[in-house]
Amino acid sequence: MEGGGLPEGFTAAPNDLESHWMPFTWNRQFKHAPKLIAGAEGMTYYTHDGRELLDGTAGLWCVNAGHNRDRIVRAVQEQVATLDYAPSFQLGHPLAFQLANQLVEMAPHGAFDHAFFANSGSEAVDSALKIALAYHRANGEGQRTRLIGRERGYHGVGFGGISVGGIVNNRRVFTELPGTDHLRHTYAPEHQAFSRGQPEWGAHLAEDLERLCALHGGETIAAVIVEPIAGSTGVLIPPQGYLERLREICDRHGILLIFDEVITGFGRLGSSFAAEHFGVTPDIITLAKGLTNGTVPMGAVLTRKGIYDTVTGAAEAAGGTIELFHGYTYSGHPLACAAALASLEVYKEEGLFGNAAMLARHWEDALHALHGTAHVKDLRNLGIIAGIELEPRPGAPGKRGYEAFTRAWENGLLIRVTGDIIALSPPLILEERHIDRMMQTLKDTLEAVD
Ligand SMILES: Cc1ncc(COP(=O)(O)O)c(C=O)c1O
């Protein structure tokens with residue numbers, strides 16, 4: 001085993017798994033039958049007992065250039081030895097400015113001019129929502145305080161994110177921000193099942209925003225946040241024309257449109273961002289995950305021309321002070337910046353977004369060849385993303401999905417499961433042979449699932 005394999009002298013599992021309260025995990029079950037990952041390289045993970053797993057999920061939608069890439073590893077190693085940390089308030093370090101410039105340059109349609117840094121997708125979302133509110137206040141529209149999300153949306157786990165998010169399990173135990181509401185989601189299997197790419201049916205669902213404007217007053221709404229493709233609730237591809245329609249309605253009412261591109265950014269659809277792929281320019285974009293190839297936590301918010309100038313201009317007019325009372329100790333952390341700059345280089349030099357675009361057709365064909373496989377109820381895809389919805393076991397939703405996850409793990413394939421929906425989003429270094437192996441393993445796995 002080379003490079004990213006198991007460390008020398010590594011011995012199986014830790015002795016005691018109890019103290020770690022694991023996130024979004026069935027802890028009792030995990031500790032009874034642990035699944036531990038101990039090493040990685042390229043398209044492969046290595047389990048603690050030395051088995052190989054084909055990574056069908058780029059970790060958690062983040063390792064777009066594959067695992068343990070030399071260039072990124074070296075950049076982080078060199079950075080930690082040069083400048084380990086620098087305060088981020090009223091001080092800066094060069095890499096954060098360099099990275100902001102590059103992100104703005106990559107951003108769609110030449111429309112964005114600033115980047116704000118956070119440490120995760122959740123923080124990027126909360127930062128974006130706050131920036132939207134600050135913008136309207138600075139623009140003389142302080143009455144715009146309402147935030148609109150969408151059913152089945154996922155925007156991380158901060159109180160802002162769960163308030164605009166639309167997943168009941170993430171909301172029912174926790175309180176929410178006041179003044180939020182939700183668009184209806186866009187999934188309608190009776191019209192869309194087994195669509196290849198964007199479903200033809202459903203653009204009119206964007207009109208639901210008009211309903212909310214009529215209900216609350218469009219002039220009270222600050223922002224609408226959507227994932228261009230909803231990933232966490234099982235890969236919901238936007239219907240043709242839907243995002244365009246949402247853009248038009250936001251414009252009509254002076255509402256900022258936020259695209260949460262935490263999973264769709266950095267090549268997943270064969271372009272830098274989904275906004276570019278769909279030809280729709282939002283006002284704010286949130287990023288994380290692929291920004292650093294998953295190596296060092298980082299999130300970012302890109303803002304459209306005019307937003308920064310409005311917020312900073314208003315503060316200047318009031319005598320000059322800190323313009324946005326928001327930020328994190330680790331905003332623009334030097335290691336994260338080094339990892340992000342190196343990741344962007346790898347993406348560019350290896351043409352990984354182009355590779356994703358080139359393989360998208362093969363991916364689609366291989367996925368839809370699963371039509372008719374045991375339990376498969378729907379197949380959805382775009383770029384290098386796939387959703388495979390299974391028929392739930394009667395009276396036991398989620399159990400079949402969990403069994404598929406475990407069996408795939410045993411069969412050497414890492415998949416992601418939400419309830420009874422499997423999501424695939426492998427690293428973009430993949431080749432046709434990886435796609436074929438992934439789909440074959442999945443087919444064998446599903447045929448064996450009860
Ligand atoms: C669209 C979207 N937004 C936000 C997040 C939250 O990111 P993080 O887990 O880094 O906080 C995720 C995570 O999967 C996501 O998919």
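**Exercise 1. Place Asn293 and describe its backbone and surroundings.**

Step 1. Asn293 sits in the loop between β9 (284-287) and β10. Helices (H or I, at least four residues) and strands (E, at least two) are DSSP runs, numbered from the N terminus. This is a predicted model: local features need pLDDT of at least 70, side-chain atom pairs count only at pLDDT 80 or more, and totals for chains, interfaces and linings use all residues. Residues are numbered from 1 along each chain as its sequence is written.

Step 2. Look at the backbone. Phi of Asn293 is near 55°, a positive value in a residue other than glycine. Most residues other than glycine have a negative phi.

Step 3. Count neighbours. Asn293 has 28 other C-beta atoms within 10 Å, so Asn293 is buried. The cut-offs: buried means 20 or more other C-beta atoms within 10 Å of the residue's own, exposed means 12 or fewer, and partly exposed lies in between; C-beta atoms are placed from the backbone.

**Exercise 2. Repeat the analysis for Ala58.**

Step 1. Ala58 belongs to helix α2 (residues 58-61).

Step 2. Its phi is near 45°, again a positive value in a residue other than glycine.

Step 3. Ala58 counts as buried because it has 29 C-beta neighbours inside 10 Å.

**Exercise 3. Is strand β4 enclosed or open, and which strand does it pair with?**

Step 1. Strand β4 covers residues 112-118. Five of its seven residues are buried, so β4 is largely enclosed by the rest of the structure.

Step 2. Find the partner. Six bridges join β4 to strand β10 (residues 299-304), and the two run antiparallel. Two strands pair if DSSP finds at least two bridges between them.

Step 3. Pick one position. Ala115 stands opposite Leu302 in β10.

**Exercise 4. Work out the order and edges of the sheet that contains β11.**

Step 1. Four strands form an open sheet in the order β11-β12-β15-β14, with antiparallel pairing.

Step 2. β11 (376-382) and β14 (416-418) stand at the edges. Each has a single partner strand, so one side of each is left without a neighbour in the sheet.

Step 3. From one strand to the next, the twist averages 20°.

Step 4. Zoom in on one pair. β11 and strand β12 (residues 385-390) are antiparallel and joined by six bridges. Leu382 has Ile385 in β12 as its bridge partner.

**Exercise 5. Describe the residues around the ligand.**

Step 1. The shell has 14 residues, and Ser120, Gly121, Ser122, Gly156 and Val262 come nearest. A residue is near a molecule or strand if its C-beta atom, placed from the backbone, lies within 6 Å of it.

Step 2. Helix α5 (residues 121-138) gives the largest share of this shell, three residues.

Step 3. Sort by class. Five residues are nonpolar, seven polar and two charged. Here Ala, Val, Leu, Ile, Met, Phe, Trp, Tyr, Cys and Pro count as nonpolar, Asp, Glu, Lys and Arg as charged, and the others, Gly among them, as polar.

**Exercise 6. Split the chain into domains and examine their contact.**

Step 1. The domain assignment gives domain 1 (27-65 + 351-448) and domain 2 (74-349). Such bounds come from an automatic or database domain assignment.

Step 2. Count contacts. 30 residues of domain 1 are in contact with 29 residues of domain 2. Contact means that the C-beta atoms of two residues, placed from the backbone, lie within 7 Å.

Step 3. On the side of domain 1 that touches domain 2, α14 gives the most, with seven residues. By class, this side has 17 nonpolar, nine polar and four charged residues.

Note on methods
Axes fitted to C-alpha atoms, helices over the stretch in contact; angles between N-to-C directions.
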